Amino acid sequence: MERRHLPLGGRLRGPVTLLALAAVPVAVLAVFFVLPVVGMVGRGFRPEGHWDVGGVLDVLARPQVHRVLWFTVWTSTAATAVTLVLGLPAAYVLHRLTVPLRRVVRAALLVPFVLPTVVVGVAFRQLFTGPLARLHVDGTPWAILAGLVFFNAAVVVRAVGAAWESLDPRPGEAAAALGASPGTVFRTVTLPALRPAIVGAGSVVFLFCATSFGVVLTLGGLRYASVETEIYLLTTNLLDLQGAAALSLLQLLVVVALLLIGARTRPMRTSTQRAPARPRRPRRGDLPQLAVTVLLLAFVALPLATLLIGSLQVDGHWSLANYRALDSTGSHQALLEPATTALNLSLRIAVDATLLALTLGLLVALSVTRRARTRGERRLRGILDALFMLPLGVSAVTLGFGFLVTLDRPPLDLRDSPWLVPIAQALVALPLVVRTLVPALLGIDDRQRQAAASLGAGPWRAVLVVDVPVLWRPLLASAGFAFAASLGEFGATSFLARDENATLPVVIYRLLGHPGAMNYGMALAASCVLAATTAVVMLVVERLRVPSLGVL
Amino acid sequence: MLSLREVSVRYDGSPALTDVSLDLPDGQVLAVLGPSGSGKSTLLRAVAGLEQSTGTIAWDDRDLTGVPTHKRGFALMFQDGQLFGHLTVAANVGYPLRLRHVPRPRRRERVAELLALVGLAGYERRLPGTLSGGERQRVALARALAVEPRLLLLDEPLSALDAGLRGRLAADLRAILVAAGTTALLVTHDQEEAYAVADRLAVVRAGRLVQEGPVAQVWQRPADPETALFLGYARVLEGAPAAAVLAAAGVGHAGPATVAVRRSALVLAEDGPLSGVVAQARATPDQVRLVVDVDGVGEMDAVAGSAAHPGPGEKVRLRADQDRLSILS
């Protein structure tokens, strides 16, 4: 019998095999994502076992809901605009110019993105009640806005920066040679080429802002609520499931719409060889961009520095007492277990979640990058691709609460399972893993595999020779992202983690909620520990030089 | 007039171009010829102001140091055209005119003129993605000419095209440049392209200018053996073989000589002064190409009319054509 030496991707043909490859992730997503979200939303539509659509629609007419919607839209829009204004010059400086400490600065700007949202909240509260108290920003929407920009600047810098870096410099040079001044070159050549990346980054930032939970909850308190925190308040405090379901559904629709826009504008990859742009030394004309970058850096560093200084002070004196207190349960019995136990647990859960997310992500990435031979297959692939992006934007609160209401009875009674939290976190991290692996896989020219096959390499051998050398870095990088994301996950975990086995972000939030200087100091110290851990992970990721987040 | 004095460019400390000096009179086309990696594109980019260089680059005795690319009044045409993919052909060609605030009706008129000049009349509404490689290069040329540049810089303008098209377009390019009276600096690794388009030739090797002058002069008197081989001479002979070939061609030369010989310098002739044994023979449409082991010279290339069919092992006589060899020293 003739043995066909075709690589893995080429041997498995047709939609059937596409589904076979995607079967495990699809099943996991169905059980642990679609089921909980549908269960949660369904509970709102059928409060007493019969349909009540009118009740849900009534929710949307409530003035409070209008307030919440308006607040979400305007803060997200404003935060997106500010993030773009600050992020674009920084993307240019950090990806097209040779500035000292370029890599370190890039990694530093990435830290906020994976920083636990609770930590971001704590840092800004510390900043606005401490050094910048004179601005009277604490407890206003401006604080929330600042937190959102802080959190998302990295997305713009990375996504647009990666596009800028791979941008062929020659059309710009051609325009300059035709008499275009640098400003005109930017307006007529560079900007049109970057538009997909900018629109893509902008829509992702808007998505993150609109579904941000930890930042709004810690900085907005009870005065200001976004859709996400309102869902949380409705479900936990007011037990108004109908209202929560209506908001969840609305959010889901907006997220899907935004993801569709994102997929439309995702930059098309061409396989043509491009002249690599060598970063050049800054000139005088780059001063404004450099100034904005320094501003952004200060904006990112200031809250973190305040946080660090705050954690090192007790009653105005330098002390490590806050850190030493981490092995206690805080004052007024704020915690059931010491914070160190929570850290330990966080790390263990993060490892589990990372392994899960990597396995699922790799399967998803392999299936959505397979060469589609028919239109039906291509469409199926597109649907799968979009499906696995959903957890990115769906309210983590909805997911967490959905877990509680649907996975609590046989055959799936996971209420007390130690896997509940890792699974939820893996789902939240999944889009990051997929978005890091997919470009790397797409970057492999299929002809390389064909060449390997023609030289006598069997399918697995071809994967080993062609795919593995390209893939191991992105794989490690996505492991870092997943680990950091899981370590900082707060929305879903805050529902699922019990008091006796809370993760560190949950512990921080709990400490903040309890009165007492010691509890507050412990929250600061724990935030620093968490921030330092994620920062180290991110530095390692940055060293791998993977254009991660480039095509979110 | 463009003049370069001791122009050098370094990339990360390693020299890409060293002490290049040359002059290009108005209205002439200079081809900078060199193998890939010789620094010829760097030279072009330095003239365009896209590379930091030392030394002096001047136009009509005005030093251009510190003058940014867009203020030099030079147009640059890239190897693959670098058309703006999001603009139509008309918008691409009209781009430099729009920068110069040329009013719209005049602009439209000028774009039509330029497209007609490059043989693409009526292509205004097309997008670059729908054009063939040759058409894209023509549009790029039209766009570069729209600037009415005092100097047109062409970076391997025809290399990306296939051989047949390259030949046709090279002749067109020459005609267009002459018609527009443009001073041009052309960079290429292909001597045929250089001969077809240029008035003057500059040979660059390993970042240094080896030879510069009118095309015919450079072609007839290569500066050294390497240049001769690069310019398409088949072999370079020294000592006794060189003397034998010179004697056969009837050229007198005192002392030891170095001779560059073209493939067609030795021609099969019954009464020729050289004799040898055919080692290989290959028929081409125009002539038969031979490799002959010539007595007292060694293995040489030779040609015969397509009527003759000498086979390997056959003894033949050859004459040497003095127009097809060059005495290097």
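This report walks through two interfaces, one between chains B and A and one between the two domains of chain B.

## About the model

The model is predicted, so to speak of local features a pLDDT of at least 70 is needed, side-chain atom pairs count only at pLDDT 80 or more, and totals for chains, interfaces and linings use all residues. Residues are numbered from 1 along each chain as its sequence is written, chains are lettered from A and ligands numbered from 1 in the order in which they are written, and side-chain values use heavy atoms, with hydrogens and water left out.

## Where chain B meets chain A

Let's start with the extent of this interface. Chain B brings 22 residues to the contact and chain A brings 19 residues, where contact means heavy atoms within 4.5 Å. Together the two chains bury about 1700 Å², and 61% of that lies on carbon and sulfur atoms. Buried area here is the accessible area (1.4 Å probe) that two parts lose on being put together, summed over both. Three residues stand out on the chain B side: His70(B), Gln82(B) and Tyr95(B) supply 30% of the area that chain B buries against chain A, more than any other three residues.

Now for the polar side of the story. There is 1 salt bridge between chain B and chain A, and Arg45(B) and Glu173(A) form a salt bridge through their side chains at 2.8 Å, N to O. The term stands for a side-chain nitrogen of Lys or Arg within 4 Å of a carboxyl oxygen of Asp or Glu. The chains also share 4 residue pairs in polar contact, both residues at pLDDT 80 or more. A polar contact is a pair of N or O atoms within 3.5 Å; within protein, one must be able to donate a hydrogen and the other to accept it, and residues adjacent in sequence count only if both atoms are side-chain atoms.

## Two domains within chain B

Chain B is assigned domain 1 (2-225) and domain 2 (235-327), with bounds from an automatic or database domain assignment. Their centres, taken over C-alpha atoms, are 39 Å apart. In this pairing, 5 residues of domain 1 of chain B touch 5 residues of domain 2 of chain B.

The two domains of chain B bury about 370 Å² between them, with 59% of it on carbon and sulfur atoms. On the domain 1 side, Trp219(B), Arg221(B) and Pro225(B) lose the most area to domain 2, together 79% of what that side buries. The rule finds 0 salt bridges across this domain interface, while 2 residue pairs are in polar contact, both residues at pLDDT 80 or more.
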